[in-house]
Amino acid sequence: PCRRKDTGRPQVPKSKCEEAVKVAIEVGYRHIDGAYLYENEKEIGQAIREKIADGTVKREDIFYTGKLWSTFNTPEMVPSALEKSLKSLQFDYIDLYIIHTPLSLKPGDDLFPVDGNGKLIFDNVDLCATWKAMEACKDAGLVKSIGLSNFNRRQLEMILNKPGLKYKPVCNQVECHPYLNQRKLLEFCKSKNIVLVAFSALGSHRDERWVDQSSPLLLEDPILNALAKKYNRSPALVALRYQLQRGVVVLAKSFTRKHIEDNFKVFDFQLTEEDMKAIDSLNQNLRYDPYLDHPEYPFADDY
């Protein structure tokens, strides 16, 4: 479950993203996590098609995750948003398509529409109607599975309790790492047979546009480093292994061959129960991604 490549939005050239995806496939990764927001689906599609053309993989070997961005949450816009991604990727279908956030933004060409004061312009959308449109995309064969991202428990329940629900969300992708271990949300998701997928599993790339530069560096944590020394592994591998043993699907983001290869070496050691408890104790509900701390986010303090 760790063989997943996150293509997120650090400040790197798109050509590097394309090369990183090709390297990841060569190393053995088969799940590529992308999104319309990342503005690199064309490059991801090109990389995957090249590795199909050279015989490394077949299309059915690759599991691609795409995301419906918040400016497309109105039900009538869902199919066109999906078509944009399919066209960029040059795919006939997407393996998993998820609602990127429970926040809805003003529809239009701007990914982050703002008013004259630079404040985000939100839209009031019934996410149950959005979900119904997602279900229609699955029925049309354009996506194999549908899920959610950044939803808290109450928002998950809203979808699960939707009248006429046809397909349950298969997953909920959220920020999750030892400083934000999402224990309660993980327990809830497991109880509903929903897979929790962790992004920012190694902390953050610390992009100054998004991340508070005074926040602690996860991979410098003394406990993670002590365990890394104990197992002769990197702190990153310890953090990834922690998630796997909790039953969390973990996304690993990197753009260098060495890190891509290193992150793959997570299957040949196991943390003890005592080690797991030690990492559990690191939780401080620290969110590196500030977007969902916005006051417009409903039930922001709810897990």
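**Entry 1: β5 and β6**

I started with strand β5 (residues 143-149), which pairs with β6 in the parallel sense over 2 bridges. I kept in mind that this is a predicted model. Looking for who faces whom, I found Ser149 opposite Gln173 in β6. Then I followed the chain from one strand to the other: β5, helix α5 (residues 153-160) and β6 make a right-handed β-α-β unit.

**Entry 2: on to β7**

Next I checked the pairing of β6 with strand β7 (residues 195-199), and it is parallel too, over 5 bridges. The chain gets from β6 to β7 through helix α6 (residues 183-191), and this β-α-β crossover is right-handed. I also looked up how covered β6 is: 5 of its 5 residues are buried.

**Entry 3: a stop at Cys171**

I picked Cys171, which sits in strand β6 (residues 171-175). Is Cys171 buried or exposed? I got 4% relative accessibility, and buried means under 20%, so Cys171 counts as buried. Its bridge partner in β7 is Val195. Skipping neighbours within four places in sequence, I listed the contacts of Cys171, among them Leu96, Ile98, Gly147, Ile194 and Val197. Leu148 is on that list as well, and although Cys171 and Leu148 are 23 residues apart along the chain, their C-alpha atoms are separated by 6.0 Å.

**Entry 4: β4 and its partners**

I moved over to β4, where 6 of its 6 residues are buried. On one pairing, β3 and β4 run parallel over 4 bridges, and Thr65 has Leu96 in β4 as its bridge partner. To get from β3 to β4 the chain goes through α3, in a right-handed β-α-β crossover. I then checked β4 against β5: they run parallel and are joined by 5 bridges. There I found Tyr97 opposite Ile146 in β5. With α4 added, β4 and β5 make a right-handed β-α-β unit.

**Entry 5: helix α3 with a ruler**

How far apart are the end C-alpha atoms of helix α3 (residues 78-89)? At 1.5 Å a residue, its 12 residues should span 16 Å, and I got 17 Å, so the two agree. I noted the buried residues of α3: Val78, Ala81, Leu82, Ser85, Leu86 and Leu89. They cover an arc of only 135° around the axis, so they are on the same side of α3. I looked up what these buried residues pack against, and the answer was α2 (41-53), β3 (63-68), β4, α4 and β5. Just after α3, I spotted Gln90 with a positive phi of about 60°.

**Entry 6: His100**

I checked the UniProt record, an unreviewed entry, and its "binding site" annotation covers His100. Where is His100? I found His100 in the loop between β4 (94-99) and α4 (127-139). His100 comes out at 7% relative accessibility, so I wrote it down as buried. Again leaving out neighbours within four places in sequence, I found His100 in contact with Ala35, Leu37, Tyr38, Lys67, Leu68, Trp69, Ser149 and Asn150. I'd already met Ser149 opposite Gln173 in β6.

**Entry 7: the whole chain**

Last, I zoomed out and counted 10 helices and 9 strands in the protein chain. Of the 303 residues, 53% are buried. I also looked at contacts with a separation of 6 or more, and residues 24 or more positions apart account for 77% of them.

Key: Residues numbered from 1 in each chain as written. Predicted model: local features only at pLDDT ≥ 70, side-chain atom pairs only at ≥ 80, totals over all residues. Heavy atoms only, no water. UniProt positions renumbered as here; feature names shortened; annotations may be inferred. Buried < 20%, exposed > 50% of the residue type's maximum accessible area, 1.4 Å probe, protein only. Contact = heavy atoms within 4.5 Å. Pairing = 2+ DSSP bridges. Right-handed = clockwise from strand over helix to strand, strands pointing away. Expected span 1.5 Å × (residues − 1). Arc of directions from axis to C-beta.
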